[in-house]
Amino acid sequence: MGIDTKTRTMGFYCFAFYSSLLLMFGTQASAQTRYSIPEELKEGSVVGNVAKDLGLDTTSLTDRRFRVVSGSKDAIFEVNHNNGVLYVHRHIDREELCEGTGACLMELKILVENPLEIHYVVVEIIDVNDHAPSFPEKEQIFEIAEHTLPGKRFKLHAASDPDAGINSIRTYTLTSNEHFEVNIRQGDSGKIPFLVLKKSLDREQKDKHTLLLTAIDGGKPQKSGTLNVTIIVLDSNDNRPMFSQEIYQIEIQENVKIGTSIFKMNASDPDEGINGEVEYTLGKTLIQKVYELFEMDKITGDIRVNGVVDYEEKDLYELDIEASDKGTPPLTGECRVIIKIKDINDNPPEIEVTSLSNTVPEDSKPGTVISLLSLIDRDSGVNGKNILHISNDVPFELKPSYKENIYSIATKDVLDREQVSHYDIIIKATDCGDPPLSTFKTLSIQISDVNDNSPHFEQNPLQFYLVENNVAGASIFSVSATDEDINENAAISYHIVREGSQNGMISFINVNSENGHITALKSFDFETVKTFQFQVVATDSGTPSLSSNVTVNVFILDQNDNAPVILYPVSSNGSAEGVEEIPRNVNAAHLVTKVRAYDADIGYNGWLLFSLQEVTEHSLFALDRYTGQIRTLRSFTETDEAEQKLVILVKDNGNVSLSATATVIVKVVEPKEAFAASDVKSATNDDEESNVTFYLMITLASVSALFLISIIVLIAMQCSKSTDYTSKYLQETNYDGTLCHSIQYRSGEKRYMLVGPRMSIGSTIVPGSHANTLVLPDRRMASGEVRPV
């Protein structure tokens with residue numbers, strides 16, 4: 001590459017600047033100095049002594065300064081500032097600095113100070129042979145036909161060498177051979193090699209020649225590059241295909257299968273490649289029937305049967321066969337093939353379905369026609385007579401038509417998709433030939449669904465047990481129905497019957513129409529509602545839709561969510577505290593008083609137990625843990641305190657028990673004082689007892705009313721059910737002094753009891769029932785089986 005434009009411009013401006021300085025000071029430039037150096041000169045090598053070569057006074061060099069101001073690209077040359085020695089500053093690449101093959105000259109301007117002078121130095125860079133010739137590709141391929149005349153020239157790839165002068169490419173050489181030589185022509189860009197055919201090629205002797213072209217430069221030592229030259233000899237088509245015979249005769253039976261190879265042609269061609277590749281075709285002037293019955297494989301020469309060969313139609317066929325090569329132009333050979341047909345019973349009957357209903361509704365009536373068939377046999381006489389029947393057991397039958405060989409298929413029995421949804425009707429046709437030939441035809445019939453099945457619940461009625469205080473809005477249970485139909489006819493949706501709701505409870509129940517999940521919109525309280533009933537309807541999406549319903553009985557199970565309530569003692573301010581006075585002379589086991597309590601829960605949750613939490617003298621009093629009665633353990637002595645305090649803890653029997661406390665103050669008095677006090681106290685107690693009795697009556701009346709309502713509801717439910725399922729609630733008498741509940745109900749052959757403080761003998765606690773549900777073995781059952789809730 002040469003000096004770029006930017007460098008030349010900067011050099012020009014610098015030269016103009018310094019020239020103007022020289023003119024101002026009156027200094028003149030000296031003559032031009034020339035150096036010649038090889039491009040292989042290393043960095044730091046001395047080119048020449050500018051001061052000495054310019055004839056400057058060397059005695060006063062200490063006061064002078066030398067500097068290169070222009071001409072060197074990227075500072076290839078520099079001058080020593082002190083002594084004027086010019087040296088190589090950067091690696092020299094002549095091919096980069098100068099293009100072409102001419103002289104590579106670098107013009108430098110040397111500025112000398114004290115006094116100010118400017119001098120010209122020209123450095124000629126002499127080329128060295130540092131590049132080998134190279135080809136643009138590694139291989140060059142020629143395809144030359146064997147009939148090409150000698151003297152034909154083929155242009156070869158030219159090599160390139162960035163060196164100049166004698167170091168550039170000097171000549172080309174070619175591997176010694178008898179058919180080719182290399183010829184060199186001088187062009188604008190250098191020497192161009194040509195491959196010249198000097199002797200005709202013969203593909204049958206040698207079909208490929210491999211040569212090596214070498215480019216050599218003129219350097220010392222010489223350097224070279226090579227190119228692989230491959231010559232592929234192309235064949236000429238000078239031979240036609242030949243058959244071994246002019247006429248071939250063959251014989252085939254008329255029952256030959258379609259696709260069977262009956263004869264194979266074979267023609268030979270001494271040429272090679274596409275000139276020796278033979279293709280076979282049938283002649284163009286044959287009758288149309290030949291092309292319908294026979295086909296020729298153009299590659300293998302096989303003659304195959306392409307249609308039904310029928311002796312009754314024609315017993316002899318003549319085929320003209322042509323064999324052509326793929327040369328240019330192609331050459332052709334011909335022969336004739338005579339085919340004789342042998343007659344046998346080769347035509348089986350053919351069953352043709354002229355009309356078919358692939359899908360039949362399951363409610364089709366017997367006799368419904370689903371398909372029409374026609375029977376065809378190409379044979380004649382006895383061989384053309386056929387027997388047709390259905391060969392498998394299906395609810396369909398064949399019916400002959402008024403016209404011969406026409407049949408219809410109709411339904412024979414009632415169809416039911418839910419039992420069989422698909423039928424394959426196998427029809428067999430047999431002719432009367434010897435041997436007889438048969439044909440089978442299979443008709444696939446799909447039975448389509450009709451909405452003839454209602455949704456079905458596995459169990460009706462359904463019983464669900466729900467613990468009270470459930471989370472409002474949460475799913476409590478689910479119902480599920482099945483439908484034997486399919487698709488839309490089996491798509492079930494659910495809804496609740498809202499008419500005639502029981503105590504308005506159904507308004508708090510919702511069902512998911514898609515999956516049957518039932519959600520309670522409120523939290524149920526056993527003490528308010530113990531059971532309720534509703535109906536869920538399942539409806540399919542058929543047209544018309546079918547539905548069925550299920551009765552759902554929900555039983556609310558008790559939780560221990562009510563603490564015991566102290567009924568006695570109750571003071572005037574409402575606290576559970578009372579005062580009892582007893583004579584000092586009472587004996588042991590004397591009834592001091594009785595703590596009365598009530599729990600709204602039932603069963604174990606309402607079973608109350610009494611215990612002494614705090615007492616002044618443990619040896620004086622005893623508390624019955626079941627009845628709450630306080631009795632003396634011994635007689636009073638003079639040392640016993642006159643006032644005794646008893647704190648009674650009343651707690652239920654739930655999993656997490658709840659409790660209440662009552663305080664009884666017992667005052668020990670002399671017998672006379674006790675008698676007088678009893679008269680005064682009787683009047684006071686009459687009012688208190690009346691108040692307690694009033695509250696007790698209200699409580700008992702409420703509980704009784706609640707249970708009566710439950711009994712009425714259960715009786716109504718049982719009246720609407722079968723005799724196998726009955727349920728009733730019975731209220732039992734509470735034991736002495738403590739209010740509790742005991743409820744029984746029956747389901748099928750099992751009897752259930754929700755018990756109070758004292759359980760019946762033989763009862764069983766059901767696991768997971770929060771200790772308030774017992775299962776009693778029914779006396780009518782010999783096994784004593786119990787049903788868990």
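Modeller: Before we start, a residue is exposed when its relative accessible area is over 50%, buried when under 20%, and partly exposed in between, using a 1.4 Å probe and protein chains only. This is a predicted model, so local features need pLDDT of at least 70 and side-chain atom pairs count only at pLDDT 80 or more, while totals for chains, interfaces and linings use all residues. Residues are numbered from 1 along each chain as its sequence is written, and side-chain values use heavy atoms, leaving out hydrogens and water.

Colleague: OK, is Asn487 buried or exposed?

Modeller: Asn487 sits in the loop between β35 (481-482) and β36 (493-496). Its phi is positive, near 55 degrees, though Asn487 isn't a glycine. With a relative accessible area of 63%, over the 50% cut-off, Asn487 is exposed.

Colleague: And which class does Asn405 fall into?

Modeller: Asn405 is also a non-glycine with a positive phi, about 65 degrees. Its loop runs between β28 (396-400) and β29 (406-411). A relative accessible area of 26% makes Asn405 partly exposed.

Colleague: How many strands does the protein chain have?

Modeller: Both element types are DSSP runs numbered from the N terminus: helices are H or I with at least four residues, strands are E with at least two. On that basis the protein chain has five helices, and the strands come to 54.

Colleague: In the open four-stranded sheet, which strands stand at the edges?

Modeller: Two strands pair if DSSP finds at least two bridges between them. The sheet has mixed pairing and the order β8-β14-β13-β10. Each edge strand has a single partner, so one side is left without a neighbour in the sheet; those strands are β8 (139-145) and β10 (169-174).

Colleague: What is the bridge partner of Leu212 in β14?

Modeller: β13 (residues 208-217) and β14 (residues 224-234) run antiparallel to each other, paired over nine bridges. For Leu212, the partner in β14 is Asn228.

Colleague: Which residue follows Thr328 through a cis peptide bond?

Modeller: That bond has omega near -5 degrees. The residue in question lies in the loop between β22 (316-325) and β23 (332-342). So we're after the proline, Pro329.

Colleague: How many disulfides are there?

Modeller: The rule asks for a pair of cysteine sulfur atoms within 2.5 Å. As for individual cysteines, Cys335 is buried at 6% relative accessible area, and Cys432 is partly exposed at 37%. The disulfide count is zero.
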